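Here is a short report on one chain. Keep the sequence and the 3D view open while reading.

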Amino acid sequence: AYERRFPTCPLIPMFVASDTVNEYKSEDGAIHVIERRCKLDIDAPRLLKKIAGVDYVYFVQKNSLNRRERTLHIEAYNETFSNRVIINEHCSYTVHPDNEDWTCFEQSASLDIKSFFGFESTVEKIAMKQYTSNIKKGKEIIEYYLKQLEEEGITFVPRWTPPVACKSESSTSHPRRPVSPAINIPESATKEGLSNKEILNTSSSPSEPTAGTPDDKLDADYIKRYLGDLTPMQESCLIRLRQWLQETHKGKIPKDEHILRFLRARDFNIDKAREILCQSLTWRKQHQVDYILDTWNPPQVLQDYYAGGWHHHDKDGRPLYVLRLGQMDTKGLVRALGEEALLRYVLSINEEGLRRCEENTKVFGRPISSWTCLVDLEGLNMRHLWRPGVKALLRIIEVVEANYPETLGRLLILRAPRVFPVLWTLVSPFIDDNTRKKFLIYAGNDYQGPGGLLDYIDKEIIPDFLGGECMCEVPEGGLVPKSLYRTAEELENEDIKLWTETIYQSASVFKGAPHEVLIQIVDASSVITWDFDVCKGDIVFNIFHSKRAPQPPKKDSLGAHSITSPGGNNVQLIDKVWQLGRDYSMVESPLICKEGESVQGSHVTRWPGFYILQWKFHSMPACATTNLPRVDDVLASLQVSSHKCKVMYYTEVIGSEDFRGSMTSLESSHSGFSQLSAATTSSSQSHSSSMISR
């Protein structure tokens with residue numbers, strides 16, 4: 001298909017003609033190298049062409065086809081004005097190492113203008129314009145010729161095989177490429193010039209499946225069995241995002257099904273999916289959501305009066321959750337438990353839903369990644385529109401939408417009363433458009449007619465309270481006794497307790513107002529350990545030592561910035577009159593931490609006294625060699641719109657005797673848990689025996 005663009009291509013108007021200047025074919029037919037001189041009519045101002053004294057420019061293009069390795073490499077450089085302008089372009093078509101039905105395409109170019117009659121800037125703009133146009137049309141052109149071949153009946157080209165005389169020898173020299181673990185398809189641009197990469201599904205022959213095991217992530221049987229139908233590009237996005245997490249995230253790696261939910265929620269835009277997935281993983285770690293089913297027991301009030309529960313599955317095999325919202329005393333539950341307890345209970349329901357999806361996938365032998373929710377609104381009245389109750393509902397929706405995308409397969413709302421439109425008006429703006437499309441609303445007894453409940457749920461499992469024969473064990477709800485109500489102060493303290501059962505603490509860091517933690521060391525050679533996540537913004541982490549104690553901590557004096565709730569606080573210990581080197585000293589090199597990163601480390605103390613851990617706002621400096629900001633820094637500055645950072649941290653002091661003979665236990669990790677942070681793997685040991693590996 002690529003060769004059909006020669007000697008000229010009507011889809012590229014500036015490509016006027018080409019002549020073959022050199023050609024080579026190997027005896028076995030595996031290698032074919034052809035070199036052409038191409039004539040281009042560049043879209044440039046007539047005045048510039050007149051000054052340059054040319055109407056056309058000439059490029060030399062060398063195409064190297066290797067049928068044995070199944071690769072096509074293309075190199076091009078300018079012949080015209082080669083002493084003034086240097087243009088180099090490289091393209092390659094290769095077979096993806098893990099899926100032979102994929103063709104990987106990579107294109108890059110560099111431009112170096114030494115001099116051009118004083119029109120250097122103009123020439124640069126023309127070159128960029130032409131190249132950008134070329135990139136946009138590249139895929140369109142190759143697909144045009146592929147379609148042309150199909151119309152001519154050419155849909156399959158046999159693979160190259162060595163001549164009979166050397167077949168035996170060749171078969172041992174070039175064994176078939178084994179299926180290797182999934183690799184990352186790099187996204188970053190080449191070091192110089194521009195880069196354009198595509199993956200095209202150009203193979204018309206069926207793939208040859210290998211053993212279908214979950215470990216073989218690209219095996220067709222595994223995809224069909226556990227993930228569902230995916231296009232090659234969607235499959236590529238999954239591989240790239242999963243590989244990125246494996247390289248940069250030191251915590252628990254989500255399963256493929258969970259990563260896919262975030263990709264689907266953002267229409268497989270890998271950057272947007274990566275952003276919300278990273279935020280969700282940080283949130284899960286902060287609130288220990290992964291352990292909620294094992295460590296948290298719902299209060300008895302919820303077990304008695306929360307009218308919801310799991311009930312078999314729908315016709316598609318999705319787990320079915322039944323919620324009798326009309327029978328539930330939302331006001332009483334909020335007054336008795338508070339907003340946070342309700343939220344945590346809903347999170348436990350979602351975690352149970354994920355577990356049931358995995359079980360049903362195994363039972364039904366097909367991927368099931370979402371559940372169906374049946375909401376019965378009989379009994380809904382103005383009591384349910386109590387403002388704090390609606391506020392709690394909106395917050396729950398917000399948290400679930402952000403951290404459990406694409407988990408709701410269908411929502412059946414039954415027996416909607418007249419007051420429902422009022423509630424729907426309040427709630428619907430907070431629900432994602434894709435989620436809203438999954439809502440089916442039935443008024444009165446409409447659910448019993450055609451297109452109703454029987455279309456989605458088997459007759460045998462329709463709950464008894466909806467006219468079915470199946471006994472439903474979901475609690476009936478009812479009014480929560482007022483004797484169980486708690487005061488606002490009690491609820492506030494309980495809310496704080498719920499979300500601070502984690503060992504981590506939260507802090508806010510502002511420009512000019514770092515957050516500092518004081519640790520007093522009595523015995524030298526103790527070990528200070530830390531573990532923190534940078535939830536927002538970029539920070540610099542420092543460790544200082546002082547022989548004298550600082551003044552009692554003072555809260556941040558920035559007024560609106562003063563935060564003492566679980567959302568974070570700000571404490572400053574180092575007095576402004578203190579001088580570094582006189583009143584206190586730095587015992588570790590400063591560590592710059594990007595937004596989204598997780599950092600763990602330790603420091604073996606040399607002296608007793610007072611150690612101060614400091615998280616300080618980081619302002620991105622310009623690059624020293626070019627005086628221009630780095631790309632990562634520009635992106636970071638765009639992402640952080642205010643001079644405020646947030647960290648979540650945990651510190652502990654351990655006696656050195658616990659580490660004697662096992663200093664490797666001090667090793668720690670600094671994971672690039674952010675789309676803005678590069679994945680690096682180097683380690684260093686400071687002169688104070690503190691190890692931090694990046």
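The chain has 16 helices and 26 strands. The model is predicted. Of its 694 residues, 47% count as buried. Among contacts with a separation of 6 or more, 74% are between residues 24 or more positions apart.

**Confidence**

The average pLDDT of the chain is 76, and 77% of the residues score at least 70. Residues 166-217 have a pLDDT below 50; beyond near neighbours in sequence, this stretch has 104 contacts in the model. Residues 659-694 are also below 50, and this stretch has 93 such contacts.

**A five-strand sheet**

One open sheet has the strand order β8-β9-β10-β11-β12, with mixed pairing. Its edge strands are β8 (308-313) and β12 (439-443), each of which pairs on one side only. Direction ignored, neighbouring strands are turned by 20 degrees against each other on average. Three of its pairings are set out below, each with one bridge partner pair.

| Strands | Sense and bridges | One facing pair |
|---|---|---|
| β8 and β9 | antiparallel, four bridges | Gly-308 and Leu-323 |
| β9 and β10 | parallel, four bridges | Leu-323 and Val-375 |
| β10 and β11 | parallel, six bridges | Asp-376 and Leu-414 |

Leu-323 thus appears twice: its partner in β8 is Gly-308, and Val-375 stands opposite in β10. The hairpin of β8 and β9 has five residues between the strands. Within that hairpin, Gly-317 takes a positive phi near 90 degrees.

Helix α11 packs on this sheet and touches β8, β9 and β10. The direction of α11 makes about 10 degrees with that of β8.

**Strand β9, enclosed on both faces**

How many residues of β9 are buried? Five of the five, so the strand is largely enclosed by the rest of the structure. In a regular strand the side chains alternate between the two faces of the sheet. In β9, Pro-319, Tyr-321 and Leu-323 lie on one side. Leu-320 and Val-322 lie on the other, and both faces are covered.

**The nonpolar cores**

In soluble globular proteins, nonpolar side chains tend to be buried together. Here the largest nonpolar core has 53 residues. Leu-302, Tyr-306, Leu-333 and Leu-377 have the most contacts inside it. Elements that each supply at least two residues of this core include α9 (300-305), β9 (319-323), α11 (339-364), β10 (371-376) and β11 (408-416). The largest share, nine residues, comes from α11.

Take Leu-377 as an example. Leaving aside neighbours within four places in sequence, Leu-377 is in contact with Leu-325, Gly-326, Ile-413, Leu-414, Arg-415, Ala-416, Pro-417 and Phe-420. Apart from this core lies another, of 23 residues, among them Val-509, Ile-519, Trp-530 and Cys-645.

**Two further places to look**

Helix α5 (residues 232-248) has 17 residues. From first C-alpha to last, α5 reaches 24 Å, close to the 24 Å expected at 1.5 Å a residue. Of those 17 residues, 13 are buried, so α5 is largely enclosed by the rest of the structure.

Thr-605 sits in the loop between β21 (598-604) and β22 (609-617). Is Thr-605 buried or exposed? Its relative accessibility is 1%, so Thr-605 counts as buried. Beyond neighbours within four places in sequence, the contacts of Thr-605 are Ile-521, Asp-523, Ala-524, Ser-525, Ser-526, Ile-528 and Tyr-611.

Methods
Residues numbered from 1 in each chain as written. Predicted model: local features only at pLDDT ≥ 70, side-chain atom pairs only at ≥ 80, totals over all residues. Heavy atoms only, no water. Core = buried A, V, L, I, M, F, W, Y, C linked by side-chain atoms within 4.5 Å. Buried < 20%, exposed > 50% of the residue type's maximum accessible area, 1.4 Å probe, protein only. Contact = heavy atoms within 4.5 Å. Expected span 1.5 Å × (residues − 1). pLDDT = per-residue confidence, 0-100. Pairing = 2+ DSSP bridges. Axes fitted to C-alpha atoms, helices over the stretch in contact; angles between N-to-C directions.
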